[in-house]
Amino acid sequence: MNVSPNVANVIPGEVEFTVDIRHQDDETRNDAMERLKEQLSTLAFLHQVELTIQTPWDSNAVTFSPLITDVISETAEKLNFSFKRLYSGPGHDAKYMSYLGDTGMIFLPSINGISHNVLEKTLDDDIEKGATLLLSVILSLSTEN
């Protein structure tokens with residue numbers, strides 16, 4: 001949020017904020033965006049404030065290869081590593097590479113869940129497990145063909 005003026009005892013004259021809505025189903029994500037826009041517009045009208053909504057960036061969902069994601073899960077299980085299958089909405093390289101071939105992603109835990117921040121830290125043991133998992137997945141996939 002950008003609040004102007006950013007003073008504790010002054011009602012701001014302008015507030016800018018960003019909302020990041022992600023979902024693996026584009027229709028669900030788009031519906032949520034439309035509902036949010038409608039609600040914000042209603043609030044702006046009721047409180048007689050000017051509202052400008054911009055969508056500078058929008059990205060459709062990409063489903064990763066079931067082959068790759070299954071091998072990642074199976075390999076983590078064989079290595080006795082704890083894991084969770086999850087949806088990720090960010091535009092990592094794997095998303096864009098999925099247009100060229102099968103892709104998947106392996107995420108490692110960050111201490112206190114902090115990521116994309118200078119305070120982000122992943123334990124060396126988790127980095128080692130992630131590298132071991134990645135190598136094992138690559139070896140498994142290379143022998144399947």
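Okay, let's start with one residue: Thr-75 is buried, with a relative accessible area of 9%. Before I go on, keep in mind that this is a predicted model. Thr-75 sits in helix H2. What does it touch, once we leave aside neighbours within four places in sequence? The contacts are Leu-133, Ser-136 and Val-137.

Let's flip that around and look from Leu-133. Again not counting residues up to four places away, Leu-133 touches Ile-72, Thr-75, Ala-76, Leu-79, Phe-81 and Ile-106. Several of those names come back in the core. The largest nonpolar core has eight residues, and they are Ile-68, Val-71, Ile-72, Ala-76, Phe-81, Leu-133, Val-137 and Leu-141. Helix H2, residues 66-78, and helix H4 each supply at least two residues of this core. Which helix gives the largest share? That's H2, with four residues.

Now, Val-137 is in that core, so let me use it as a ruler. Leu-119 is 18 residues away from Val-137 in sequence, and the two C-alpha atoms are 29 Å apart in space. Leu-119 belongs to the loop between H3 and H4. Is Leu-119 buried or exposed? Exposed, because its relative accessibility is 62% and the cut-off for exposed is over 50%.

While we're on the outside, there's a nonpolar patch on the surface. Trp-57, Tyr-96, Met-97, Tyr-99 and Leu-100 make it up, and together they have about 670 Å² of accessible area. Take Tyr-99 from that group: you'll find it in the loop between helix H3, residues 93-97, and helix H4, residues 124-144. Tyr-99 is exposed too, at 59% relative accessible area.

Okay, charges. Side chains of opposite charge can pair when their charged atoms come close. How many salt bridges does a search of the whole structure find? Six. I'll walk through three of them.

The first one I picked is Asp-26 with Arg-29, where the N to O distance is 3.0 Å. Both residues are in helix H1, three residues apart, which is about one turn of the helix. An α-helix has 3.6 residues a turn, so residues three or four places apart point the same way. The two partners differ in cover: Asp-26 is partly exposed, with a relative accessible area of 22%, whereas Arg-29 is buried, at 6%.

Next up, Arg-85 and Asp-70. Their closest N and O atoms are 3.0 Å apart. Arg-85 lies in the loop between H2 and H3 and Asp-70 is in helix H2, so this pair ties together parts that are 15 residues apart in sequence. Both ends are partly exposed: Arg-85 has 49% relative accessibility, and Asp-70 has 33%.

And then Lys-129 with Asp-125, at 3.5 Å, N to O. These two are four residues apart in helix H4, so about one helical turn separates them. Lys-129 is partly exposed, at 35%, and Asp-125 is partly exposed as well, at 45%. One more thing on charges: salt bridges that share partners join Asp-26, Arg-29 and Asp-58 into one network.

Let me go back to H1 for a quick sanity check on the helix itself. How far apart should its ends be? H1 covers residues 26-46, which is 21 residues, and at 1.5 Å a residue they should span 30 Å. The end C-alpha atoms are 30 Å apart, so that agrees.

Last topic: backbone oddities. Most residues other than glycine have a negative phi, and most peptide bonds are trans. Here are some exceptions. H1 is followed by Gln-48, whose phi is positive, near 50°, although Gln-48 is not a glycine. Gln-48 is in the loop between H1 and H2, and it's exposed, with a relative accessible area of 74%.

Asn-112 is another one: not a glycine, and phi is positive, about 60°. Asn-112 is in the loop between H3 and H4, and it is exposed at 71%.

And where's the cis peptide bond? From Ser-4 to Pro-5, with omega near -5°. Pro-5 itself is in the loop between strand S1, residues 2-4, and strand S2, residues 14-16.

That's my tour, thanks everyone.

Methods
Residues are numbered from 1 along each chain as its sequence is written. This is a predicted model: local features need pLDDT of at least 70, side-chain atom pairs count only at pLDDT 80 or more; totals for chains, interfaces and linings use all residues. Side-chain values use heavy atoms; hydrogens and water are left out. Patches are made of residues with over 30% relative accessible area and no salt bridge: like charges are joined within 9 Å, nonpolar side chains (Val, Leu, Ile, Met, Phe, Trp, Tyr) within 5 Å. Accessible areas come from the Shrake-Rupley method with a 1.4 Å probe; for residues, only the protein chains shown count as cover. A salt bridge is a side-chain nitrogen of Lys or Arg within 4 Å of a carboxyl oxygen of Asp or Glu. Buried means under 20% relative accessible area, exposed over 50%, partly exposed in between (1.4 Å probe, protein chains only). A nonpolar core is a set of buried Ala, Val, Leu, Ile, Met, Phe, Trp, Tyr and Cys residues joined through side-chain atoms within 4.5 Å. Contact means heavy atoms within 4.5 Å. The expected span of a helix is 1.5 Å times one less than its number of residues.
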